[in-house]
Amino acid sequence: MNIRQAMKMAFKSILGNKGRSFLTMLGIIIGIASVMTIVSTINGMNKRSLEQMEAMGTNRITVSVYLYNGQNAFEEMYDYCNSLGSKLVQGVTPTGNCSATVVYGSKSSAAMEKNQQNMFNGDGTQNSNVALPPSLYYGSDQYGVCNNFQIASGRELSNIDIKNYNQVCVLGARAARNFFDYADPIGKELQVNGLPFTVVGVYAEKDPDSQWSMDNIIVFPYSVSRLLSPGTQMNDFVVKAANAQASVEVSSRLSGFLTGLTNNGKSGSGYVDNSNQWQQNINEQATMMSLVLGGIAAISLLVGGIGIMNIMLVTVTERTREIGIRRAIGAERASIVTQFLIEAAMLCGIGGLVGMVLGTIGTRVAGSLLVHMDIWPSLSITVGAFLLSVTLGIAFGIYPAAKASKLQPVEALRAE
Amino acid sequence: MLVKLKDVYKIYSEGLESEVRALDGVSLEIERGEFVAVVGQSGSGKSTMMNVLGCLDIPTHGEYYLDGTDVRELSDKELSHIRNKQIGFIFQQYNLIQNLNVLENVELPLIYQGINADDRREMALEALERVGLSSRIKHRPSEMSGGQQQRVAIARAISTHPPIIMADEPTGALDSHTGKEVLGFLQQLNKEGSTVILITHDNGIAATARRCVRLADGKIVEDRLQEVDWL
């Protein structure tokens with residue numbers, strides 16, 4: 001008997017008992033669907049986080065320093081960062097948040113803040129047309145380099161802007177759209193805390209999908225912080241290392257310098273944070289989460305598999321006479337084993353296919369409801385889920401199939 | 001010699017107090033082309049005899065040669081092949097598989113022979129034609145009368161053209177008219193050269209065979225040639 005024949009027979013026997021076959025498959029369907037949904041959703045989230053990390057830029061090191069005695073460590077740290085040289089470092093920028101009200105014509109960041117309350121529609125979906133207030137940052141002429149922004153029009157901040165305390169700024173793409181719609185913002189004047197600032201450049205868009213996007217920013221020369229945030233110190237820097245290897249070197253050098261500057265933490269505090277490390281952490285966390293949650297879901301698969309075994313055992317008992325007939329007219333033990341194994345594998349396979357469809361739907365629903373993302377399960381997860389269910393079918397079919405094949409023809413024929 | 005039983009015993013629970021000797025030292029030879037009826041009351045050992053002759057069961061002691069092959073030496077797989085190719089079974093309860101249709105039931109032994117789909121279908125249709133059922137090949141066994149089901153079983157038995165036809169109370173579940181039809185088929189098959197072994201408790205049915213072997217308490221008590229009651 002060849003496999004095709006056996007599959008035809010198995011299919012007939014599954015169809016011959018539709019209700020029970022479906023109930024048997026249910027365990028596998030639920031198992032496969034939940035494993036797929038969980039693993040795909042986590043993978044999707046992970047991919048998204050990594051994409052954002054990627055957009056922010058790799059090999060990016062954040063440094064922060066603060067001295068307890070009130071002295072400003074800014075110059076020392078900035079100089080040290082710049083002294084590392086172009087072999088190790090592509091760019092350095094001081095950075096810091098600025099809180100100020102930005103107004104252009106009838107548009108104001110204060111009004112946009114109120115918009116945040118209208119972010120969600122009544123049914124929980126996002127209203128994607130709402131303009132949110134921009135994040136305001138200080139930076140140097142290397143802000144773009146360090147944060148992976150490219151100038152789309154106009155120019156980057158310059159050294160001269162910084163030296164001369166020029167009241168200029170560069171906009172992220174979304175901030176530009178929120179304030180100027182589709183008009184060209186270059187040369188226009190924004191009122192920042194009542195002071196006029198000229199827009200000199202606009203960055204290219206990196207993250208078009210999100211409203212809390214990294215594109216909704218305005219960058220001012222760090223030197224104007226004395227106008228916009230008087231009395232605050234600049235403590236933070238972003239250093240863009242030349243490559244992954246250099247980032248390790250730079251991190252360790254900066255840590256060493258920081259230790260010296262803060263007298264090993266006695267006279268100050270600070271940290272050196274390598275974004276590559278973050279990526280690694282995100283990956284590790286996602287893998288861990290997949291394993292834990294996927295493992296829990298896999299238990300339901302296991303239970304489903306045991307259900308299959310149970311039903312196959314019942315089937316063998318019920319069909320003892322059929323087995324006897326088949327043996328009497330010449331079926332070898334191997335043919336009986338094949339028949340029952342294929343039947344179990346097919347039950348699980350069909351269950352797996354249905355589970356895959358439900359898992360895909362589940363992933364889409366979980367993606368949009370839980371994490372507001374557009375996630376499709378990856379091909380490898382889909383194919384893997386199907387293979388897993390067929391394997392389960394075979395694994396849990398072995399015992400019933402062996403039992404069926406061990407029946408003696410005479411005994412089996414006598415069964416009612 | 002097609003079938004040769006030599007001093008065959010089939011003993012259940014041997015050595016225990018509950019020991020049962022279903023076959024108690026049976027020797028029997030059947031030539032190719034014979035029509036033999038094995039007759040006996042229930043409990044006489046005739047079903048055990050059929051199981052042993054049909055290679056469904058192995059004797060406890062004694063020798064069984066089928067077409068010169070010592071059956072006791074064969075593996076389970078080889079026994080399967082013998083049942084498949086050498087023997088066509090006809091049972092009292094028809095023993096058709098309920099979720100397969102008529103054609104598929106008749107094709108089943110051919111499937112286990114590994115014959116390809118086209119030849120298989122042709123051979124099965126030919127067998128069904130011989131029993132007069134070629135118009136009902138898509139029916140399920142449950143949709144047919146007892147007589148028709150037994151004819152399907154006969155078609156299944158002859159589809160592989162086996163040298164031996166083994167019928168165990170083939171008329172037991174049928175009325176006398178359809179019973180006669182079935183026995184007529186067996187006589188017809190015998191005329192065409194098949195060796196037919198008919199197991200029955202009914203002397204009237206045994207009368208359709210040329211040779212009558214009578215069993216009692218696991219022993220052969222009579223083995224004679226007789227006038228045939230042609231149907």
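## Chain B: the six-stranded sheet

In strand E9 of chain B, Arg211(B) is the bridge partner of Val36(B). That pair is a handy way into this predicted model. The two strands involved are E3 (residues 35-39) and E9 (residues 211-216) of chain B; they run parallel and are joined by 4 bridges.

Zoom out a little and you find an open sheet of 6 strands in chain B, ordered E6-E7-E8-E3-E9-E10, with mixed pairing. Its edges are strand E6 (87-90) and strand E10 (219-225) of chain B, each of which pairs on one side only. On average, neighbouring strands of this sheet are turned by 15° against each other, if you ignore direction.

## Chain B: the four-stranded sheet

Chain B also has an open sheet of 4 strands, in the order E2-E1-E4-E5, and here the pairing is antiparallel. Strand E2 (20-30) and strand E5 (69-70) of chain B are the edge strands, so to speak the ends of the row: each pairs on one side only.

Inside that row, strand E1 (residues 3-12) and strand E4 (residues 61-66) of chain B run antiparallel and are held to each other by 5 bridges. If you want a spot to click on, take Leu5(B), whose bridge partner in E4(B) is Tyr64(B).

## Chain B as a whole

Counting everything up, chain B has 7 helices and 10 strands. Its radius of gyration is 18 Å, close to the 17 Å that the globule rule gives for 231 residues, so chain B is as compact as a globular protein of that length. Along the principal axes, its C-alpha trace spans about 50 × 40 × 35 Å.

As for the inside, 47% of the 231 residues of chain B count as buried. Take the contacts in chain B between residues at least 6 apart in sequence: 70% of them join residues at least 24 apart.

## Helix H3 of chain B

How many of the 12 residues of H3(B) are buried? The count is 10, so the helix is largely enclosed by the rest of the structure. Among the buried ones are Val102(B), Leu103(B), Val106(B), Leu108(B) and Ile111(B), and the list also includes Asn105(B) and Glu107(B).

The cover over these buried residues comes from both chains: it includes H1 and H12 of chain A, along with helix H2 (76-85), helix H4 (117-130) and H5 of chain B. Just after H3(B) comes Gly114(B), with a positive phi of about 80°.

## Two positive phi values in chain B loops

Worth a look on the backbone side is Asn95(B), a residue other than glycine with a positive phi near 50°. Asn95(B) lies in the loop between E6 and helix H3 (102-113) of chain B. It counts as buried because 22 C-beta neighbours lie inside 10 Å, and the cut-off for that is 20 or more.

His161(B) is another such case, again not a glycine, with a positive phi near 55°. You'll find His161(B) in the loop between helix H5 (146-158) and strand E7 (164-168) of chain B. Is His161(B) buried or exposed? It is exposed, with 12 other C-beta atoms within 10 Å.

## Chain A: domains and a hairpin

Over in chain A there are two domains: domain 1 covers 3-50 + 281-414, and domain 2 covers 99-228. Taken over C-alpha atoms, their centres are 54 Å apart.

Strand E8 (residues 189-192) of chain A has alternating side chains: Leu190(A) and Val192(A) point to one face and are buried, while Glu189(A) and Gln191(A) point to the other and are not. E8(A) pairs with strand E3 (residues 102-104) of chain A over 2 bridges in the antiparallel sense, with Val102(A) opposite Val192(A). E8(A) also pairs with strand E9 (residues 195-203) of chain A, antiparallel over 4 bridges, and there Val192(A) stands opposite Leu195(A). The hairpin of E8(A) and E9(A) has 2 residues between the strands, and Asn193(A) takes a positive phi near 50° in it.

## Where the chains meet

At the interface, 16 residues of chain A are in contact with 19 residues of chain B. On the chain A side, helix H1 (3-15), helix H11 (320-328), helix H12 (333-370) and helix H14 (409-414) each supply at least two of the touching residues. By type, the chain A side divides into 7 nonpolar, 5 polar and 4 charged residues.

Note on methods. Residues are numbered from 1 along each chain as its sequence is written. Chains are lettered from A and ligands numbered from 1 in the order in which they are written. Domain bounds come from an automatic or database domain assignment. The radius of gyration is taken over C-alpha atoms; the globule rule is 2.2 Å times the number of residues to the power 0.38. Two residues are in contact if their C-beta atoms, placed from the backbone, lie within 7 Å. Two strands pair if DSSP finds at least two bridges between them. Axes are lines fitted to C-alpha atoms, for helices over the stretch in contact, and angles run from 0 to 180 degrees between N-to-C directions. Ala, Val, Leu, Ile, Met, Phe, Trp, Tyr, Cys and Pro count as nonpolar, Asp, Glu, Lys and Arg as charged, and the others, Gly among them, as polar.
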